[in-house]
Amino acid sequence: MRALPVALIGLVLLSGASLLVGATNLWNTPLDTGMVLAISRVPRTLAALLAGAGLALAGVVVQQSVQNRLVDPGLIGTPEAAMLGLLAITLIAPGAALMVKMSVASLTALAGTAVFFMLARLVPRRDPMLLPLVGLIYGGILGAVVLWLAWATDLVQFISIWRTGEFSGVLRGRYELLWIIAGLALILFVLADRITLLGLGEDYARALGLNYLQTVLLGLGCVAVTFSVVVVTVGAMPFVGLVVPNIVSRWRGDNLRQNLPWVALLGAVFVLGADLLGRVVRWPYEIPAATVFAVFGAALFLWLLNSRKARHHG
Amino acid sequence: MIEITNLSLSRDGVKILHDVSLRLPQGRLAAIIGPNGAGKSTLLHCMAGLLVPDHGQVYVNGQDIHALREQSRALILSLLTQSQGAVPRLSVRDLVAFGRWPHHRGRPGPADHAVIAEAMTRFDLDALAQRSVDSLSGGQRQRAFVAMAYAQSTPWMFLDEPLAALDPKYVRDIMDRLHNMTGPDSGQRSIALVLHDLSVAARYADFCIAMKDGRIVAAGPWREIVTSELLSDLYDTPLRLAELDGAPVVVGL
Amino acid sequence: MAERRLIALALALLGLCALFLLWNLRVPMGFILGLRAEKLAALVMVGAATGAATVIFQTIATNRLLTPGIVGFDALFIFTQTMLVLTLGGAGYAALADTAKFVVESALLMGAAMALFGILFRKGADDIIRMILTGVILGVLLRGLAGFAQRLLDPSEFAVVQQASIASFNAVNPDLLGIAAVVLACGLGVALWLAPRLDVAALGRVQARVLGLNHDRLVFVALGSVAALVAVSTALVGPITFLGLLAASFAHALLRDHRHIVLIPAAALMGAAILVAGQALFERLLGLQSALAVIVEFAGGLLFLALVLRRRAR
């Protein structure tokens with residue numbers, strides 16, 4: 001398989017480009033070049049890679065547990081639920097430590113995702129398009145609650161940082177939470193076989209001796225933590241969790257354990273690429289990575305929808 | 001009289017009708033039979049002008065059906081499709097009344113109301129008039145839709161599998177009514193329908209169009225052309241045309 | 001029967017309007033009355049346009065879950081607006097008279113909507129949920145593209161467009177009221193003229209064609225009037241996704257009649273009544289200025305989920 005070296009070279013090249021490109025010209029700057037790299041560029045590159053990997057992995061987990069390839073954790077209310085938690089704790093205890101805020105956000109994100117999971121069991125399976133639609137609307141409702149709360153408390157500016165993911169604000173000391181994702185990725189890798197079983201459906205998985213509820217909660221817990229970390233540090237970024245797992249499974253088939261590293265790698269590359277593109281297109285201004293990704297992600301989603309049709313008829 | 005010449009049609013690159021030609025006389029009840037995927041429904045939709053063929057023409061009573069305006073076409077032929085969409089809460093009478101649409105285009109007159117009333121009575125729907133179509137049983141529902149097609153008062157009526165999933169009682173009910181329509185007292189309508197139950201076809205049809213793989217294998221008066229051999233070849237399984245108490249039946253061997 | 005309910009609804013709306021105008025009226029009466037009348041006119045027009053557009057749209061799509069907003073009509077409006085600013089430049093755009101702007105934008109929307117949704121309806125007639133999802137994602141894509149394009153604008157141009165993409169009943173442009181009223185009247189007129197044909201179209205594309213309806217032409221004209229109506233409401237207050245769903249569902253439930261000659265006015269009255277009553281409640285009674293749009297989205301989203309889950313029973 002030659003794909004691995006190619007992908008790794010791509011990752012290295014992108015990361016290199018990411019270190020070099022930005023509003024400040026590294027070779028002609030009043031600032032110390034090493035300082036710019038250490039304080040801004042390296043953290044920013046790492047943040048994009050970690051967020052991308054985490055969001056893509058979360059996509060796999062959610063798609064397996066609701067048995068639907070068209071679902072994206074970013075479009076089923078998980079980020080909105082995390083924002084709700086953040087907003088609540090900001091209102092109740094404005095001075096709370098970041099870890100406390102994060103934990104609250106993770107809990108509400110888990111609750112929000114769990115509600116979607118229950119909804120998913122009510123939606124008829126024979127119609128795979130219906131569930132992503134329900135997710136979008138559910139996310140929209142939670143989003144409306146968040147927006148209203150923010151309005152009522154004059155925090156609209158505050159939440160707008162969480163609503164659109166971008167990396168321009170990432171500096172040393174403000175992204176390290178994202179390393180939690182690396183830990184979660186390890187957990188998911190250990191759980192890979194059980195998560196594969198989730199994709200067979202509850203009855204089947206139970207018949208094969210899986211503790212279904214425990215596995216679902218563990219998987220969704222990882223998703224919730226990933227999202228609250230990403231929302232707190234860089235902001236919500238939809239479509240990553242949808243597009244990347246689908247591309248990987250089309251390309252390499254459905255072996256989850258073998259696919260997980262690819263999903264993580266490709267997610268990282270895609271998000272870093274989107275961030276880089278957003279930096280270059282209108283230099284020295286920046287376009288948020290989430291905006292760039294929404295355009296590409298939505299276009300890819302449309303392609304997925306319709307190529308599935310071609311496959312059905314084919 | 002329907003004349004079809006060299007009709008070909010493909011969809012998504014797959015050829016569904018191959019060079020089909022056919023002459024269908026007036027005043028008959030013609031059954032289109034053949035295995036799944038033979039192109040029966042497609043042919044019927046083409047005859048009704050709803051699908052445009054790649055090649056060939058369909059002439060109904062001397063008029064090129066694909067050159068007619070939609071409204072003029074709706075005065076010559078009606079089609080009952082397999083899946084009928086019903087508006088939620090639409091009453092049976094309102095459904096049947098839609099059959100008169102091509103005649104009045106939104107402004108029904110006394111003549112239209114008379115035809116609707118006659119259709120309701122003929123199909124035994126008076127007691128159900130105010131019920132909503134959603135709430136009917138399968139047999140009642142099908143009867144209401146046939147009544148709508150009847151109220152359209154067209155010389156030609158096409159039905160695509162009108163008997164799917166109906167109990168024997170309703171099969172008989174619908175087929176008796178359809179058969180009566182080809183009689184002189186109902187203006188001698190001409191009917192073509194896709195049928196899967198061969199015994200029903202043998203009993204009611206007086207014309208047969210046998211299709212396989214997008215081609216017409218045989219077409220002609222039922223009694224003259226339909227034999228056990230034809231049916232066995234058509235469906236690739238041994239079938240026998242027999243008689244039971246004077247009525248024709250088709251049984252698998 | 002249906003006619004009597006329609007009249008009752010109209011009377012209720014009149015009562016609400018009077019209440020809205022006269023509630024707690026203080027000196028200077030003439031001035032306050034003028035301000036309130038302007039706002040009332042905007043509320044009524046937006047509600048009527050959205051309600052009528054949704055009923056027509058649902059009939060064309062033979063689906064009671066859809067609204068023009070859900071499948072991205074207002075995203076399309078914002079997109080065309082952004083493109084207009086992008087091509088004309090901020091100064092050129094600002095130099096256009098309000099009326100000219102509105103007419104050009106509406107015409108662009110009508111053209112784009114017919115091209116986009118005309119194809120979608122013809123292709124997707126057999127698979128409604130796929131069609132909805134395609135529309136929703138198309139909306140996300142258009143919003144993303146608009147966001148992307150907005151970032152390419154100068155900050156001053158950006159502000160021009162940004163204002164249009166958030167729904168607000170407090171920032172109505174009074175100069176637009178006149179032209180909006182004309183377009184609304186035309187849109188409603190066309191809709192009522194189409195009413196008998198829409199009755200037939202509700203039976204589905206094939207059945208309607210069997211009955212001699214030129215379905216393609218009807219879709220074309222109907223989408224044109226939907227686009228005009230959506231342009232009215234989006235230009236006046238911005239996108240409200242679910243208002244139409246509320247108005248159309250309530251109108252169907254209230255009338256229990258399939259005739260569009262009564263359904264379209266009923267949905268228009270219902271849409272207006274929801275907005276007037278909501279605004280009176282939130283602004284006058286609860287003192288919440290900006291809550292209405294969010295509350296409408298919230299309630300509409302819940303109704304959508306309820307309708308989807310109820311379909312399971314069938």
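Is Asn259(A) buried or exposed? Keep that question in mind while we find the residue in this predicted model. Asn259(A) sits in helix 11 of chain A, the stretch that covers residues 256-280. Its relative accessibility is 6%, and buried means under 20%, so Asn259(A) counts as buried. Who are its neighbours? Leaving aside residues up to four places away in sequence, Asn259(A) touches Val248(A), Ser249(A), Arg252(A), Gly253(A) and Asp254(A).

The same reasoning works for other residues. Take Cys222(A): its relative accessibility is 7%, so this cysteine counts as buried too. Now turn to Cys186(C). Its relative accessibility is 49%, and since partly exposed covers the values between 20% and 50%, Cys186(C) counts as partly exposed. With cysteines in view, you may wonder how many disulfides there are over all chains. The count comes to zero.

Next, let us look at chain C as a whole. Its secondary structure consists of twelve helices and zero strands. If you trace chain C from the N terminus on, you therefore meet α elements and read the order as α-α-α-α-α-α-α-α-α-α-α-α. Chain C has 314 residues, and buried ones make up 58% of them. Consider also the contacts in chain C with a separation of 6 or more: residues 24 or more positions apart account for 79% of these.

Chain C also meets chain A. How many residues does each chain bring to this contact? Chain A gives 35 residues and chain C gives 35 residues. Between chain A and chain C an area of about 3500 Å² is buried, and carbon and sulfur atoms give 81% of that area. As for salt bridges across the interface of chain A and chain C, zero are found.

Chain B gives us strands to explore. Start with an open sheet of four strands, whose order is 2-1-4-5 and whose pairing is antiparallel. The edge strands of this sheet in chain B are strand 2 (14-24) and strand 5 (63-64), each of which pairs on one side only. Strand 5 of chain B is joined by two bridges to strand 4 (residues 55-60) of chain B, and these two run antiparallel. To see this pairing for yourself, find Tyr59(B): its bridge partner in strand 5 of chain B is Asp64(B). Helix 1 of chain B, residues 40-47, packs on the sheet and touches strand 1 (2-11), strand 2 and strand 4 of chain B. The direction of helix 1 makes about 120° with that of strand 1 of chain B.

Our last stop is strand 8 of chain B, made of residues 190-194. This strand is mostly covered, with five of its five residues buried. Which way do its residues point? Ser190(B), Ala192(B) and Val194(B) point one way from strand 8 of chain B, whereas Ile191(B) and Leu193(B) point the other way. Strand 8 of chain B also has strand partners. Four bridges join it to strand 3 (residues 29-33) of chain B, and the two run parallel. Here Ile32(B) stands opposite Val194(B). Five bridges join strand 8 of chain B to strand 7 (residues 156-160) of chain B, again in a parallel arrangement. In this pairing, Met157(B) has Ile191(B) as its bridge partner.

Terms used: Residues are numbered from 1 along each chain as its sequence is written. Chains are lettered from A and ligands numbered from 1 in the order in which they are written. This is a predicted model: local features need pLDDT of at least 70, side-chain atom pairs count only at pLDDT 80 or more; totals for chains, interfaces and linings use all residues. Side-chain values use heavy atoms; hydrogens and water are left out. Buried means under 20% relative accessible area, exposed over 50%, partly exposed in between (1.4 Å probe, protein chains only). Two strands pair if DSSP finds at least two bridges between them. Contact means heavy atoms within 4.5 Å. Axes are lines fitted to C-alpha atoms, for helices over the stretch in contact, and angles run from 0 to 180 degrees between N-to-C directions. A disulfide is a pair of cysteine sulfur atoms within 2.5 Å. Buried area is the accessible area (1.4 Å probe) that two parts lose on being put together, summed over both. A salt bridge is a side-chain nitrogen of Lys or Arg within 4 Å of a carboxyl oxygen of Asp or Glu.
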